[in-house]
Amino acid sequence: QSLPGGFVYLHDIEPSIIQDIRYATSNNFVGRPLAGYGAGECVVKREVGLRLKAVQQEQAAQNLSLKMFDCYRPARASLDMVRWSQNGHETAAERRYNPKIPKTELFRLGYIASRSQHSTGAALDLTLVDLNADNSGKYDPSKTYADCTAPVEARLPEGSVDMGTGYDCTDVKGHTAAPTISPDQRAWRKRLVAAMARQGFVNYAKEWWHFSLPGAGGAAYDFPIQPRRN
Ligand SMILES: C[C@@H](N)C(=O)N[C@H](C)C(=O)O
Ligand SMILES: [Zn+2]
């Protein structure tokens, strides 16, 4: 199954990496699947995939795994995010992701890009999973969770280590060097940043979960993400 532009399915390179591609589901800040996400599959440039495999192999020795939240993002999905930010209303469920900042400000403040590096295949959103921990908590759309800056027990469950905020928490607490997190949370962030850096990935200071591989990008793509064939 060939993809355009040298993209591959991460599962075909390293199936042990956990994938929870949130923009293919309703469990994200928009509250519905985004345009172009026809399947919850992490699609990456081959070089990016090989480096993720190396990170995964190193972490597996400590009983940890990477968990991908977003990989290649079709350009139409970013335009969908722009339209969402301008739709004139904000729900309580949406504000769980941006409790202090109106959604109309998220682009200007750099939390979402209208032309994202994700569309070039050079950017990734991810976290770490402790394979020894109880990761059984599942997101329940009928539940009212606390916002993404709340203690982990009160936030929506993500089945991953406690990084101090949930994924896509557009808040100063989500900044990688935020001073308001606990020593354990800081240690997890440092661990992820260091592991990714050893394979050349660079973290984005405003989002502990967002990394890019300098030089891996190039043109932005808009092909939809489709189910992987076995
Ligand atoms: C929206 C968030 N997950 C993200 O990836 N932000 C960066 C800035 C982007 O949109 O490229
Ligand atoms: Zn990102």
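**Exercises on a predicted model**

The buried residues of α2 pack against five partners: β1 (7-9), α1 (10-13), β3 (43-45), β4 (64-70) and α5 (183-197). The model is predicted.

**Exercise 1.** State which residues of α2 are buried and where they lie around the axis.

Solution. Start with burial: in α2, the buried residues are Val48, Gly49, Arg51, Leu52, Val55 and Gln56. Next, take their directions around the axis: they cover an arc of only 165°, so they sit on the same side of α2. Last, the elements packed against these buried residues include β4 (64-70) and α5 (183-197).

**Exercise 2.** Check the length of helix α2 (residues 46-60) against the expected span at 1.5 Å a residue.

Solution. The helix has 15 residues, and the expected span is 1.5 Å times one less than that number. This gives 21 Å. The end C-alpha atoms are 21 Å apart, which agrees.

**Exercise 3.** Decide whether Gly31 is buried, partly exposed or exposed, and list its contacts.

Solution. Gly31 belongs to the loop between β2 (18-19) and β3. A residue is buried at 20 or more C-beta neighbours within 10 Å and exposed at 12 or fewer. Gly31 has 14 inside 10 Å and therefore counts as partly exposed. Leaving out residues up to four places away in sequence, Gly31 touches Ser26, Thr91, Ala93 and Glu94.

**Exercise 4.** Describe the shell around ligand 1 by residue, element and class.

Solution. The residues are Asp70, Ile112, Ala113, Ser116, Gln117, His118, Ala123, Asp125, Asp168, Glu207 and His210. Two elements, β5 (123-130) and β7 (207-212), give two or more residues each. Sorting by class yields three nonpolar, four polar and four charged residues.

Notes. Residues numbered from 1 in each chain as written. Chains lettered and ligands numbered in written order. Predicted model: local features only at pLDDT ≥ 70, side-chain atom pairs only at ≥ 80, totals over all residues. Near = placed C-beta within 6 Å. Helix = DSSP H or I, 4+ residues; strand = E, 2+ residues; numbered from the N terminus. Nonpolar A, V, L, I, M, F, W, Y, C, P; charged D, E, K, R; others polar. Arc of directions from axis to C-beta. Contact = placed C-beta atoms within 7 Å.
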